[in-house]
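Student: I have just opened this entry and would like some help reading it. Could we go through it piece by piece?
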Amino acid sequence: MAAGVLAYTVATAAVIVVASSGSVLDLGLGPVAVLSVDQLPHDGGTVTTLGPGLIVVALVGGLANAVAAFVIARRERRRPGRAR
């Protein structure tokens, strides 16, 4: 959940920066697009595309979350004198 919130926060910040600067942003993991923000030439609007790489970001974030939960649970089991 936290990784998803972080990913959406970064995406929102990137859209705001690109929209205010008039530039183009393409983020990807190798050949897989995660986020693409383009400026429209005729009316100054922006087009934001969330690519299939967002699934990869979510999976990696979920895996990191699971590993962190495992480490925390293992530390709690080893702690002497813990209350049950």
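**Strands, patches and a helix**

Tutor: Let us begin inside the sheet, where Leu35 stands opposite Leu50 in S3. Please keep in mind that this is a predicted model.

Student: Which residue is the bridge partner of Leu27 in S2?

Tutor: That partner is Leu35. Leu35 thus appears in two pairings, with Leu27 and with Leu50 of S3.

Student: How many bridges join S1 to S2, and how do these strands run?

Tutor: Five bridges connect strand S1, residues 25-29, with strand S2, residues 32-39, and the two run antiparallel. Asp26 also takes part in this picture, standing opposite Ser36 in S2.

Student: And how many bridges join S2 to S3?

Tutor: Five bridges join S2 to strand S3, which covers residues 46-50, and these strands run antiparallel. Here Asp38 has Val47 in S3 as its bridge partner.

Student: What about the turns? How many residues are between the strands in the hairpin of S1 and S2?

Tutor: There are two residues between the strands of that hairpin, and Gly30 takes a positive phi near 65° in it. In the hairpin of S2 and S3, six residues lie between the strands, and Gly44 has a positive phi near 80°.

Student: Where do side chains point in a regular strand?

Tutor: As a general rule, side chains in a regular strand alternate between the two faces of the sheet.

Student: Let me pick Gln39. Where is its place?

Tutor: Gln39 belongs to strand S2. Its relative accessible area is 22%, so Gln39 counts as partly exposed. The C-alpha atoms of Gln39 and Val18 are separated by 7.8 Å, although the two residues are 21 apart along the chain.

Student: Changing topic: which residues make the nonpolar surface patch?

Tutor: Leu29, Val32, Val56 and Val60 make that patch, which is about 300 Å². One of them, Val32, lies in strand S2. Val32 is partly exposed because its relative accessible area is 31%, a value between the 20% and 50% cut-offs.

Student: Which residues gather in the patch of positive charge?

Tutor: Arg74, Arg75, Arg77 and Arg78 gather there, on the surface. Arg78 is placed in helix H2, residues 53-78.

Student: Why does Arg78 count as exposed?

Tutor: Arg78 counts as exposed because its relative accessibility is 63%, and the cut-off for exposed is over 50%.

Student: One last residue, then. Where is Ile72 found, and is it buried or exposed?

Tutor: Ile72 is found in helix H2. With a relative accessibility of 52%, Ile72 counts as exposed. Ile72 and Gly61 are eleven residues apart in sequence, and their C-alpha atoms are 16 Å apart in space.

Methods. Residues are numbered from 1 along each chain as its sequence is written. This is a predicted model: local features need pLDDT of at least 70, side-chain atom pairs count only at pLDDT 80 or more; totals for chains, interfaces and linings use all residues. Side-chain values use heavy atoms; hydrogens and water are left out. Patches are made of residues with over 30% relative accessible area and no salt bridge: like charges are joined within 9 Å, nonpolar side chains (Val, Leu, Ile, Met, Phe, Trp, Tyr) within 5 Å. Accessible areas come from the Shrake-Rupley method with a 1.4 Å probe; for residues, only the protein chains shown count as cover. A salt bridge is a side-chain nitrogen of Lys or Arg within 4 Å of a carboxyl oxygen of Asp or Glu. Lys and Arg count as positive and Asp and Glu as negative; His and the chain ends are not counted. The place of a charge is taken as NZ of Lys, CZ of Arg, CG of Asp or CD of Glu. Helices (H or I, at least four residues) and strands (E, at least two) are DSSP runs, numbered from the N terminus. Buried means under 20% relative accessible area, exposed over 50%, partly exposed in between (1.4 Å probe, protein chains only). Two strands pair if DSSP finds at least two bridges between them.
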